[in-house]
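This report describes a predicted model. It takes up strand pairing, the nonpolar core, the surface and the chain as a whole, in that order.

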Amino acid sequence: MARVNLIEFNERQYQKSWWKWLLMIGLDLMFIVGVIMQVGYGRAFGDNPMSNTMLIIVTLFVIIFSSVLLLSYLQTYINDEGVYVMYFPFHLKYKFFSWESIESAKVRRYNPLTEFGGWGVKRNRLRFRNFRVQVKSNICYTVSGNNGLELILKDGTKIMIGTHSPNSLEEALNKLSKKGKVDG
């Protein structure tokens with residue numbers, strides 16, 4: 001009989017910041033109006049207008065870029081095997097971290113800007129400490145907010161996975177800890 005791994009934690013995070021949506025939609029609309037003015041009505045868009053073809057290409061690029069950013073999501077689930085994370089559309093498959101490769105796992109508050117340089121999929125390798133440069137491989141997967149699951153792997157790599165549900169995540173880790181899967 002096949003063993004079923006129950007999912008202890010499952011979360012999908014989208015962009016929740018209304019100001020990001022407003023900014024991106026405003027930028028998209030500005031370029032769309034520019035295309036309509038310049039291509040449709042023959043009025044130059046801006047003081048130093050680009051060609052109609054280039055304006056259409058830039059407008060399409062801006063719309064695609066903002067759509068990718070606004071429709072991206074972070075999917076995390078945790079079970080007896082380990083932690084699975086996928087930041088769509090940048091990852092098309094889950095990244096998997098087995099409990100055997102994890103030294104410790106804990107939920108904590110963090111500062112995405114100062115620790116990782118912002119939100120998204122971030123990787124920082126250099127760290128300055130006591131006037132010396134240390135080479136470390138730290139990876140952050142975050143959409144928004146400042147709560148996350150910190151995994152420290154046995155090879156020294158630190159993985160931070162953002163969450164909007166720190167209490168549910170803490171409960172799942174406690175449940176897995178009682179099964180002997182997680183060290184806090």
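How many bridges join strand 8 to strand 9, and do the two run parallel or antiparallel?

## Strands 8 and 9

Strand 8, which spans residues 147-153, is joined to strand 9 by five bridges, and the two strands run antiparallel. Within this pairing, L151 has I159 of strand 9 as its bridge partner. The two strands form a hairpin in which four residues lie between them, and in the turn G156 has a positive phi of about 95 degrees.

Strand 9 covers residues 158-162, and five of its five residues are buried, so that the strand counts as mostly covered under the limit of under 20% relative accessible area. The cover applies to both faces of strand 9, since K158, M160 and G162 on one side are buried, as are I159 and I161 on the other.

## The nonpolar core

The largest nonpolar core of the model has 23 residues, and L149, L151 and I161 are those with the most contacts inside it. At least two residues of this core are supplied by each of strand 2 (73-78), strand 3 (82-88), strand 5 (102-109), strand 7 (132-142), strand 8, strand 9 and helix 4 (166-178). Helix 4 gives the most to the core, with four residues.

The surroundings of L151 can be listed in detail. When its neighbours within four places in sequence are left aside, L151 is in contact with V83, F97, I102, S104, A105, T157, K158, I159 and I161; the list thus includes I159, its bridge partner in strand 9.

## The nonpolar surface patch

On the surface, W21, I25, L29, I32, I36, Y41 and L71 make a nonpolar patch of about 700 Å². Helix 1, residues 18-41, accounts for the largest share of this patch, with six residues.

I32, one of the patch residues, has its place in helix 1. Is I32 buried or partly exposed? Its relative accessibility is 33%, and therefore I32 counts as partly exposed.

## The chain as a whole

The chain contains four helices and nine strands, which follow the pattern β-α-α-β-β-β-β-α-β-β-β-β-α when read along the sequence. Of its 184 residues, 40% are buried, while the accessible surface of the chain comes to about 11,500 Å², with 59% of that area belonging to carbon and sulfur atoms. Among the contacts between residues at least 6 apart in sequence, 54% join residues at least 24 apart.

How values were computed: Residues are numbered from 1 along each chain as its sequence is written. This is a predicted model: local features need pLDDT of at least 70, side-chain atom pairs count only at pLDDT 80 or more; totals for chains, interfaces and linings use all residues. Side-chain values use heavy atoms; hydrogens and water are left out. Patches are made of residues with over 30% relative accessible area and no salt bridge: like charges are joined within 9 Å, nonpolar side chains (Val, Leu, Ile, Met, Phe, Trp, Tyr) within 5 Å. Accessible areas come from the Shrake-Rupley method with a 1.4 Å probe; for residues, only the protein chains shown count as cover. A salt bridge is a side-chain nitrogen of Lys or Arg within 4 Å of a carboxyl oxygen of Asp or Glu. Buried means under 20% relative accessible area, exposed over 50%, partly exposed in between (1.4 Å probe, protein chains only). Two strands pair if DSSP finds at least two bridges between them. A nonpolar core is a set of buried Ala, Val, Leu, Ile, Met, Phe, Trp, Tyr and Cys residues joined through side-chain atoms within 4.5 Å. Contact means heavy atoms within 4.5 Å.
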